[in-house]
Amino acid sequence: MEYEPPIDREALLDALRDAYEVEADALAFVPVGYANACYAVHVSGEPRHFLKLWSDSRAGRWAGQRRHITLPLLRALYDRGLYRAVAAPLPARDGALSSKLGALPFALFPFLPGHGAPEVWPPALTERLAEAIAAVHRATPHLQDLLPPRETFEVEFEPDLRSALDAVVGIEDGARPGLVALRDFLLPRRDEVLEQLGRLHELRAAARRLDGPSVLAHTDIGGDNVLVDASGGVALLDWDTAVVAPPEHDLQCALGQDLGRFLAAYLDAGGARPLHREHFAFYLLRRYLTNLFVRLFRILEEETAPEAEADALDGMHRWGFAQWQALDESLERAGA
């Protein structure tokens, strides 16, 4: 999360000390992610661990419920030597991979130094990331006992998105400024959103007709979820949305980068094939509509701080409208 939710840090620190064998002396909020509050855990003044608290938001509650799938999966990737460039969750005193602050679950991870991926990937990072994704995909048959659910190609957010669009129509001038700004931005574009939902249904039908491999997919690769260390190595973070899916679910992260170099490195590293344009298009458009929906819901239902609402409104344009408006051109330019 870009902004820290109303969390009692001292209470969280006490819960951490009680649950884990960690003599932590401070927590420092780290503004990353969207559904989670993240903290560097300091021991003797130095960051030693990373704490992830699933927030009491719609996205946070959904992701927190999946931790019983994703946390054991991360441990297995690391412990079985399948892919060790992950932050594997640390066990608590009772052996569990998470604990709670009241009703809010949290987990503890080793602190990995590094920085997020730049907006434009240099050639070396492009190849390293392709090799990392191929390694994760190759691990699929060795994780049959822990794999997450399979892709269904559903658009689970659609009913709520349609309801939210209807709710925006009813926002009155006397509502709080964030809601009025949302109404003024979205109402002229409402039909465009509905058109994209219709297109997504067409792409889903095409994707379901295709044969092809299914792999363990991270599904949210990029930005802060890619950690680049001092030597140029990459770690993949935040596996909350992992599923078993066509490989294009992960590979679409390279659209807008040097996709030819990326795919060549991925296939050379034993990545799955064949690949299909229809899968790329479906996953990209579903992602863009999801980007819009989660921000729309945040403004409409969660009454966050004004600066967070402004960021959400900007994100609806940057990561929703602007992205799907350029989708066909991006696919053509990439040769996907």
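How many bridges join S6 and strand S8, and in which sense do the two strands pair? I shall return to that question after introducing the protein as a whole. Please bear in mind throughout that this is a predicted model.

Let me begin with the overall picture. The secondary structure amounts to 12 helices and 10 strands. For 336 residues, a compact globule would have a radius of gyration near 20 Å, and the protein agrees with this because its own value is 20 Å. Along the principal axes, the C-alpha trace extends over about 55 × 55 × 35 Å. Of the 336 residues, 50% are buried. The exposed surface comes to about 15,400 Å², and carbon and sulfur atoms supply 50% of that area.

Two further totals deserve mention. Taking contacts between residues at least 6 apart in sequence, 71% join residues at least 24 apart. As for charge, there are 34 positive and 51 negative side chains, and the centres of these two sets are separated by 4 Å.

I turn now to the strands, beginning with S2, which covers residues 36–43. Is this strand mostly covered or mostly uncovered? It is mostly covered, since 8 of its 8 residues are buried, each having under 20% relative accessible area. The burial applies to both faces of S2. On one side we find Asn 36, Cys 38, Ala 40 and His 42, and on the other Ala 37, Tyr 39, Val 41 and Val 43.

Which strands, then, pair with S2? One partner is strand S1, residues 26–30, which runs antiparallel to S2 and is joined to it by 5 bridges. Within this pairing, Leu 27 stands opposite Val 41. S1 and S2 form a hairpin with 5 residues between them, and Gly 33 in the turn has a positive phi of about 75°.

Another partner is strand S3, residues 46–54, which pairs with S2 in the antiparallel sense over 8 bridges. Here Val 43 has Glu 46 as its bridge partner, while Cys 38 is matched with Lys 52. S2 and S3 also form a hairpin, with 2 residues between them. In that turn, Ser 44 has a positive phi of about 55°.

From S3 the pairing continues to strand S5, residues 104–110. These two strands run antiparallel and are joined by 5 bridges. Leu 53 of S3 has Phe 106 of S5 as a bridge partner.

In general, the strands of a sheet pair through backbone hydrogen bonds, in either a parallel or an antiparallel arrangement.

That brings me back to my opening question. S6 and strand S8, residues 226–228, pair in the antiparallel sense over 2 bridges. His 115 stands opposite Val 228 of S8. Both strands belong to an open sheet of 3 strands, in the order S6-S8-S9, with antiparallel pairing. Its edge strands are S6, residues 115–116, and S9, residues 234–236, each of which pairs on one side only.

I shall close with three individual residues. The first to consider is Arg 9, in helix H1, which spans residues 9–19. Arg 9 is partly exposed, with a relative accessible area of 32%. Leaving aside neighbours within four places in sequence, Arg 9 is in contact with Glu 4, Leu 27, Ala 28, Phe 29 and Tyr 39. Two of the strands already described reappear here: Leu 27 lies within the residue range of S1, and Tyr 39 is one of the buried residues of S2. Between the C-alpha atoms of Arg 9 and Ala 254, which are 245 residues apart along the chain, the separation is 37 Å.

Next comes His 137, in helix H4, residues 123–138. Is His 137 buried or exposed? It is buried, with a relative accessible area of 5%. Apart from neighbours within four places in sequence, His 137 is in contact with Val 215, Leu 216, Pro 247, Asp 250 and Tyr 266.

Finally, Thr 140 is located in the loop between H4 and helix H5, the latter being residues 158–169. Thr 140 counts as buried, at 7% relative accessibility. Not counting residues up to four places away in sequence, Thr 140 touches Leu 147, Ser 214, Val 215 and Leu 216. Val 215 and Leu 216 are thus contacts of both His 137 and Thr 140.

Note on methods
Residues numbered from 1 in each chain as written. Predicted model: local features only at pLDDT ≥ 70, side-chain atom pairs only at ≥ 80, totals over all residues. Heavy atoms only, no water. Helix = DSSP H or I, 4+ residues; strand = E, 2+ residues; numbered from the N terminus. Rg over C-alpha atoms; globule rule 2.2 N^0.38 Å. Buried < 20%, exposed > 50% of the residue type's maximum accessible area, 1.4 Å probe, protein only. Contact = heavy atoms within 4.5 Å. Areas by Shrake-Rupley, 256 points an atom, 1.4 Å probe, with all protein chains shown as cover. Lys, Arg positive; Asp, Glu negative; His and termini not counted. Charge placed at Lys NZ, Arg CZ, Asp CG, Glu CD. Pairing = 2+ DSSP bridges.
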